Every structure is written in C-alpha cells, then in structure tokens.
Amino acid sequence: MNGGAMFYGAAIALIIGGIMIAATKRNLIKIIIGLNIMETGVNLLLITTGYISGGTAPIMNKTWTKVVDPIPQALVLTAIVIGVAVTAMALSIVVRIYEKNNSLDIRKIKEMRW
Amino acid sequence: MVNPILIIAISLFGAFFIALISPFVKRTGKIIAFLTIGFDLYIGASLALKSLRTPVIAYTAGFKPPFSINLVVEPFSAVFLLIVLTIGFLISLYYLAHPGEEPEDKFFTLLILNLMGASGIIMTGDLFNLFVFFEITAISSYALVSIRKQKASLEGGIKYLIISSIGSSLFLVAIALLYGQTGTLNIADIAAKLPFINKSVALVAFLLILVAFFVESEIFPFNGWAPDAYQGAGEGISALLAGVISKAGLYALIRLTFTLLDLPLRSKLLIVFGIMTFLIAELSALKQKRVKRMLAYSSIGQMGLVVAIFGIGTIPALKAAIFQGVNHAVSKVALFLLVGMVIKNLGIYKLDDYKGLGRKNPLLGLLFSLAILNLLGFPLFAGFWSKLSILLSTGKQGLYLLLSLILTGAIVEVYYYVRFMKILYERNEEASHLEIHLLEAMPIIAMAAFIIIIGVNPGLITPLFEKASEAIFMKFSYINLVIGG
C-alpha cells in the first residue's frame with residue numbers, strides 16, 4: 001500500500017468517524033470531540049493533496065529537487081485557527097447550557113428535539 | 001474608484017473600534033454600528049450601480065487572478081450585496097431605538113462582523129476565501145443566536161453550531177478535492193478547468209458543496225437547526241437570519257452550483273429538495289402556536305421555493321427566483337422586526353395573545369398586513385409580480401407537477417397567514433396599546449414603501465434582476481471576466 005492511499009484512507013476514516021460520533025453521542029462534550037476529530041481528518045486530507053513523498057519545504061535554494069505544495073499547508077493553518085474558534089464558541093455555549101440545565105445530556109435538555 | 005475591499009476594511013475597523021472604546025465610553029455600539037453599516041451600504045450601492053455597466057474586480061498583492069485573491073462584483077453578486085447590506089442597514093436602524101441584546105457593545109461588534117462575512121461571501125472570487133468568510137459569518141451568528149442567556153437561545157445556538165460546522169467541514173473537503181484536481185482555488189479558474197476534472201471527483205465535490213450550503217440556506221433535511229435558532233434568537237437576529245445569513249448561503253449555493261461546478265444533475269436536485277422543503281415547512285408552520293416559530297417555518301419554506309425555482313435554471317426562472325428572494329427578505333425582516341416591537345412592549349409570544357392587536361394599533365396592524373400580503377403575493381404588491389413570474393416560468397417549462405406542488409404549498413401559506421391576520425383584527429376589548437417609537441418603525445415603513453412602489457411599478461427593479469439572471473446564466477462571461485482579460 002503506498003503512502004498516498006494510506007493518508008487518504010486515514011483522513012476519510014477520521015472524517016466519517018467524527019461525523020458518526022457527533023451524530024450518535026448524547027453528551028454535548030463528546031459531540032464537540034467528534035467535531036474536532038472530523039476537523040483533524042479534513043486537515044489531514046488537505047495536507048495530503050499537496051504531499052510528495054520525500055519532498056522538502058519549498059525554499060528556493062540550490063539544493064532542492066522535490067518540494068511539497070505550500071498552499072495546502074497555508075490553508076490548513078487557517079483551518080486550524082477556525083477550528084479552534086468554533087470549538088471555543090461551542091464550549092462556551094455548552095458551559096451556559098450546563099449552568100441552566102445541570103446536565104450535558106441532550107435528552108435531558110427538555111426543549112431539544114433532534 | 002470605489003474598491004470592494006473598503007467594505008471589509010471599514011467593517012473590521014468599525015467592529016473593533018467598538019471593542020476598543022467600550023471600556024471608556026459605554027453604549028456607543030449602536031451608533032458606530034449604524035454608521036459603519038451605513039457606510040458599507042453606500043459603498044455597496046455605488047459598486048452595484050457601477051457593476052451594471054462594467055463589473056468591478058479588485059486584486060490583492062498586485063497579481064492578476066488566478067495567482068491572487070480577488071473580489072468580484074458583477075450583476076448577480078451586486079443584487080445579493082444590495083439585499084444583504086440594505087437589510088443589515090435597516091436592522092441597525094431598528095436597533096437605534098430598540099434595546100440591543102446584552103452585552104450591548106459586544107453584540108454590535110458581532111453584528112458588524114456578521115455583515116462583513118456575508119458581504120465577503122458574496123464578493124469573493126476565491127474558494128478558500130469564501131470558506132473563511134463563511135466561517136466568519138457562521139461563528140458570529142452562533143454567538144448572536146445564543147447571546148440571550150435563555151434556554152431556547154442556547155439550544156438554538158448549539159444546534160446551529162453543530163450542524164453548520166459539519167457542513168463547513170464538508171465544504172473544506174470539497175475544496176481539498178478540487179484543489180487536488182486543478183491546483184487552483186480561483187472559482188473562475190476551476191470552472192474553466194471543469195472538463196479536465198475527474199468526473200467522479202467532481203460529482204463528490206458537487207454533492208459536498210450542495211450539503212454544506214443546504215445547511216446554510218435552510219433546505220430540508222439539513223435545516224433541523226433553523227426553527228430553534230429563529231425561535232431562540234432575539235427578533236432582530238431572526239430578521240438577520242432570514243434576510244442576511246440565509247441569503248448569503250443561498251448566494252454561495254447558486255454561485256458554486258452554477259458557475260463553479262455546472263453539472264447537469266443540479267437542476268433535479270435543487271428542484272426536488274427545494275420543493276420538499278417548501279411543502280414540509282409550510283405544513284409545519286400550520287400547526288405552530290408561537291408566532292416566531294411560525295414565521296421561522298415560513299422562512300424555511302420560502303427558501304425552499306426560491307431554491308426550487310433556481311433549479312429550473314432558465315433565465316425567466318432565475319429572474320423569478322431572485323425577485324422572490326428579495327420579496328421574502330423584505331417581508332420576513334419586516335415581520336420579525338414587528339414581532340420584536342410587540343415582544344418588547346407586551347412580552348407575548350403565542351399566536352392567540354395577538355388577538356385584537358391590529359384593531360387597537362392601526363399602524364402596527366397596517367404594517368403587519370402589508371408584509372403578510374406581500375409575502376402571499378396579493379395583487380398590487382411586489383410579491384404578486386414575483387409569484388406570477390414563478391408560476392409563468394414554471395409553466396413555460398412544462399413542469400406541471402412542480403407547478404401544482406407550488407400552488408398547494410402557497411394555499412397552505414395563505415391559510416395560516418390569513419388566520420394570523422384574522423386574529424390580529426379580531427374584536428378584543430382587552431387588547432393592549434403599543435408605544436411605537438417612530439425611529440423603530442422607520443425601517444419597516446421603508447420596507448412597506450418598497451413593497452407598494454415596486455407593486456405599482458415593477459419595471460423599476462426588474463431590469464436589475466434581468467441583468468443578474470443573465471450574469472449567473474452565462475458562466476463563461478464570469479470566467480472571461482476574471483481570468484480572460
């Protein structure tokens with residue numbers, strides 16, 4: 001199995017696993033962890049699109065032969081920052097929900113109908 | 001020359017200026033927000049006017065596309081930019097006389113950022129840039145929805161957050177796939193390279209984009225968040241959801257499925273999901289006991305209708321869809337703001353509590369009826385012309401099943417709105433009197449004036465929609481515009 005297929009497989013597994021966790025778990029914290037796993041999978045996928053086995057950083061000096069594509073890495077950096085912001089937002093809403101309901105279980109939060 | 005970047009720069013400046021001075025000078029947020037959004041609207045309107053003659057493109061970093069991020073304002077984006085900024089401006093005008101959500105200064109910072117994100121979505125010509133603006137809009141709307149520390153708003157906020165962040169991750173997957181195939185992120189460049197993209201990759205990316213923006217434009221079955229978010233949010237924010245956030249999502253959906261990935265499958269999927277949303281949402285609205293939730297379902301239904309009409313894809317249909325989108329934005333924002341005034345004064349939420357309010361408060365009743373009749377497409381209102389053009393363009397394509405489903409949904413809609421109007425005008429001696437602040441009512445009066453003027457003379461605005469629908473219909477003109485020159 002070559003490296004590329006392995007990375008793509010791992011990325012897709014992480015994305016699907018994350019969505020499954022977010023969709024099936026009843027605890028809000030676990031749902032947010034699921035979202036984070038999904039985001040990691042997406043970031044891995046982005047990096048993989050620009051990855052070349054044995055490539056180096058794209059710095060143009062005399063010695064380079066193969067370089068990886070720098071754009072996906074820049075994108076992932078942005079995506080990570082956005083992911084952190086979403087997670088922070090989610091956790092701060094969850095804290096408020098816990099204060100109101102004394103529970104993180106979405107079944108116990110009365111008005112929540114999924 | 002007016003530069004589209006100004007909208008983004010001024011908004012960022014205004015938003016963080018509020019945060020900067022709020023420790024020293026309290027309660028200036030609403031004034032700064034009003035001025036900032038007013039300035040945005042001025043820039044946006046002059047851009048829109050200019051783009052009708054020659055489309056405006058702004059590059060960054062001194063490179064031409066596809067090597068730089070670019071902002072494009074052509075007729076189709078100009079119409080959406082005008083909707084978003086006008087509605088945003090009217091909402092900020094409303095908040096001048098209406099108490100904002102607490103903490104007020106932070107609320108207005110978020111409001112400005114939200115509008116900046118929405119106008120960014122509409123103007124950008126770069127796929128990843130679109131994702132970033134999309135996230136700015138989304139994150140600020142999660143905060144705006146849940147800023148009221150009540151159970152319902154927190155619930156609406158977290159649901160919206162979970163569903164929408166799954167959607168945006170799927171969008172990012174689509175971006176990764178397309179970048180892997182084409183090596184570019186420029187929308188026009190990818191669109192030009194579409195014939196060389198692997199067919200199955202293109203299909204997967206198309207479906208992912210469809211799901212991601214179905215979430216944002218409230219299309220069934222990805223709209224589970226919408227009723228709760230509308231119900232939980234403050235009334236001004238419900239108006240923002242109906243008039244700005246969902247419209248930006250709709251723009252992205254249409255731009256990406258018409259220009260970026262122009263697959264033949266699009267038409268069927270948009271029509272089927274759109275009309276399903278319309279029927280299910282209208283039927284759900286029928287049994288609601290709370291006014292805001294009823295309006296929320298009606299809003300979802302209207303978005304479904306607009307998406308279905310966009311799906312037909314002929315120029316008259318596109319024109320009808322844009323017109324209906326504008327009418328929905330105007331009517332629904334007016335309704336939510338009116339409900340906000342009622343809740344501020346009387347604190348009532350149930351449909352039955354509105355008994356006799358319209359009879360006791362003639363101005364309130366008049367504005368309510370105007371907005372409702374416009375939404376229903378009553379003759380001599382702007383909504384009549386858009387509903388008529390929807391029916392004509394559907395009939396012309398021979399889509400009689402779709403036509404009959406639209407009529408069924410519209411009848412349900414008429415039924416519950418007329419029931420609401422009947423409640424408003426019922427005889428009730430105990431109905432309370434409302435203090436209506438004129439400044440607060442100004443945005444609604446402006447929208448009512450728009451409804452009547454366009455209703456009497458639709459020719460004032462239809463040339464604009466004509467140009468917009470031609471612009472989105474011919475994707476090669478967009479590609480030539482951005483990378484051809």
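The largest nonpolar core in this predicted model has 214 residues. A nonpolar core here is a set of buried Ala, Val, Leu, Ile, Met, Phe, Trp, Tyr and Cys residues joined through side-chain atoms within 4.5 Å. Buried means under 20% relative accessible area, exposed means over 50%, and partly exposed is in between, with a 1.4 Å probe and protein chains only. The residues with the most contacts inside the core are A:Leu28, B:Phe76, B:Leu127, B:Phe171, B:Phe310, B:Tyr354 and B:Phe368. The largest share of this core, 19 residues, comes from helix α13 of chain B, residues 315-346. Helices are DSSP runs of H or I with at least four residues, numbered from the N terminus.

Some housekeeping. Residues are numbered from 1 along each chain as its sequence is written, and chains are lettered from A and ligands numbered from 1 in the order in which they are written. As this is a predicted model, local features need pLDDT of at least 70, side-chain atom pairs count only at pLDDT 80 or more, and totals for chains, interfaces and linings use all residues; side-chain values use heavy atoms, with hydrogens and water left out.

Now B:Phe76. Contact means heavy atoms within 4.5 Å. Beyond four places in sequence, B:Phe76 touches several residues, including B:Phe310, B:Ala468 and B:Ile472. B:Ile472 lies in helix α19, residues 462-473 of chain B, and is buried at a relative accessible area of 1%. B:Leu318 is among its contacts; the two are 154 residues apart in sequence, yet 8.4 Å apart in space, C-alpha to C-alpha.

B:Phe258 and B:Thr259 also touch B:Ile472, and both of them touch B:Lys475. B:Lys475 is in helix α20, residues 475-484 of chain B. What is the nearest side chain of opposite charge to B:Lys475? It is B:Asp262, 4.0 Å away, and B:Lys475 is buried without a salt bridge. For the charges, Lys and Arg count as positive, Asp and Glu as negative, and His and the chain ends are not counted. A salt bridge is a side-chain nitrogen of Lys or Arg within 4 Å of a carboxyl oxygen of Asp or Glu.

By that rule there are 12 salt bridges over all chains. One joins B:Lys387 and B:Glu413 at 3.6 Å, N to O. B:Lys387 is in helix α16 (residues 382-396) and B:Glu413 in helix α17, so the pair ties together parts that are 26 residues apart in sequence. B:Lys387 is buried at 12%, and B:Glu413 is buried at 0%. Another salt bridge joins B:Lys355 and B:Glu426, at 3.9 Å. Here B:Lys355 is partly exposed at 35%, and B:Glu426 is partly exposed at 29%. There is also a network of salt bridges linking B:Arg148, B:Glu235 and B:Lys292.

Last, the two chains. How many residues does each chain bring to the contact? Chain B brings 31 and chain A brings 34. The area buried between them is about 3000 Å², with 80% from carbon and sulfur atoms. Buried area is the accessible area, with a 1.4 Å probe, that two parts lose on being put together, summed over both. The rule finds 0 salt bridges across this interface. On the chain B side, α5 (127-146) and α6 (151-182) each supply at least two residues, and α6 gives the most, with 18 residues.
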